Amino acid sequence: MSEERFGEFVLVRRHDYVAELVLDRPKAMNAVSTDMARSIAGACAALAADRDARVVVLTSSHERAFCVGADLKERNSFSDADLVRQRPVARGAYTGVLELPMPTIAAVHGFALGGGFELALSCDVIVADRTAVVGLPEVSVGVIPGGGGTQLLPRRVGAARAAELIFTARRLEAPEAAELGLVDRLVDEGRDREEALELASRMAANSPVGLRAAKRALRLGHGLDLRAGLEVEDAAWRSVAFSADRTEGVAAFNEKRPPHWPGE
């Protein structure tokens, strides 16, 4: 296993074809400062360009929190001009995760609030243990979810449910979060990272070209009418149909052996 650090607060660990993106600001419960946001974006840019990274798992080094959201202590010192300058940096962290071209899994335990939950929502799948507490409480401090929450949450749970959760700013404990679909898989306490990495390994056994194309079709087709969505799917299919991965996958199936993906 190799490690690479991006700034002071973000670490990337390599587990074969799975990359683990670790939020590593434990003294602040992973509150996202300007420097941390810049590091998340930088790590995501590096991972997006890495053809050996087939799946990314977003984890936390803090034992009681995934991420408590924006660093409000830092924000308290900002002038209006500071906030304007910081906004693109903050957005870069969330869009960096959201736009990763390979499947992404968030491993959540403890607090995942505000921007912390938005980082998880930016992933394709959320695995949470029974200590997880999630929510978008931004209106309680005079702002709104600004890391994608107003768009990503209704895509998961529907417009009315998302409105109720955002307008009340309430926190949900793990069982209710799982019941309402805010998280996808509920696991025993302390098992979120291990379960997420195991799930990622199962995904990473498949064609990297296929994985990226399937994610592209899922993301681009969401919200379109069926006919337009099927055109998106067809374009994604055409991008893989003549790939070396498709040739290898069919050959391996017929030869009854594991595939050795070229990744192109």
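The following questions and answers concern a predicted model and the terms used to describe it.

Student: What makes the protein as compact as a globular protein of its length?

Tutor: Start with the make-up: eleven helices and eleven strands. The radius of gyration is 19 Å, and the globule rule, 2.2 Å times the number of residues to the power 0.38, gives 18 Å for 264 residues. The two values are close, so the protein counts as being as compact as a globular protein of that length. Along the principal axes, the C-alpha trace spans about 60 × 45 × 40 Å.

Student: How many of the residues count as buried, and what does the word require?

Tutor: Buried requires a relative accessible area under 20%. By that cut-off, 49% of the 264 residues are buried. The protein exposes about 13,300 Å², with carbon and sulfur atoms supplying 54% of that area.

Student: What share of the contacts with a separation of 6 or more joins residues 24 or more positions apart?

Tutor: The share is 66%. A contact here needs heavy atoms within 4.5 Å.

Student: How do you know that the buried residues of H5 line one face of the helix?

Tutor: The buried residues of H5, which runs from 149 to 157, are Gly149, Leu152, Leu153 and Val157. Viewed down the helix axis, they fall within an arc of 110°, so they line one face.

Student: Which helices do these residues of H5 pack against?

Tutor: The partners are H3 (80–98), H4 (115–121), H6 (159–168) and H7 (174–180). After H5 comes Gly158, with a positive phi near 95°.

Student: Why are the buried residues of H6 placed on the same side of that helix?

Tutor: They are Ala162, Leu165 and Ile166. Their arc around the axis is only 95°, which puts them on the same side of H6. The cover over these buried residues includes H5 and strand E10 (172–173).

Student: Why are Ala160 and Phe167 called exposed, and where do they sit on H6?

Tutor: Exposed means a relative accessible area over 50%, so a residue given that label lies above this cut-off. Both Ala160 and Phe167 carry the label, and they are on the face of H6 turned away from its buried side.

Student: What is the sign of phi just after H6?

Tutor: Ala169 follows H6, and its phi is positive, about 60°.

Student: How far apart are the mean positions of the positive and negative charges?

Tutor: The protein has 33 positive and 38 negative charges, and their mean positions are 2 Å apart. Lys and Arg count as positive, Asp and Glu as negative.

Key:
Residues are numbered from 1 along each chain as its sequence is written. This is a predicted model: local features need pLDDT of at least 70, side-chain atom pairs count only at pLDDT 80 or more; totals for chains, interfaces and linings use all residues. Side-chain values use heavy atoms; hydrogens and water are left out. Buried means under 20% relative accessible area, exposed over 50%, partly exposed in between (1.4 Å probe, protein chains only). Helices (H or I, at least four residues) and strands (E, at least two) are DSSP runs, numbered from the N terminus. The arc is that of the directions from the helix axis to the C-beta atoms. Accessible areas come from the Shrake-Rupley method with a 1.4 Å probe; for residues, only the protein chains shown count as cover. The place of a charge is taken as NZ of Lys, CZ of Arg, CG of Asp or CD of Glu.
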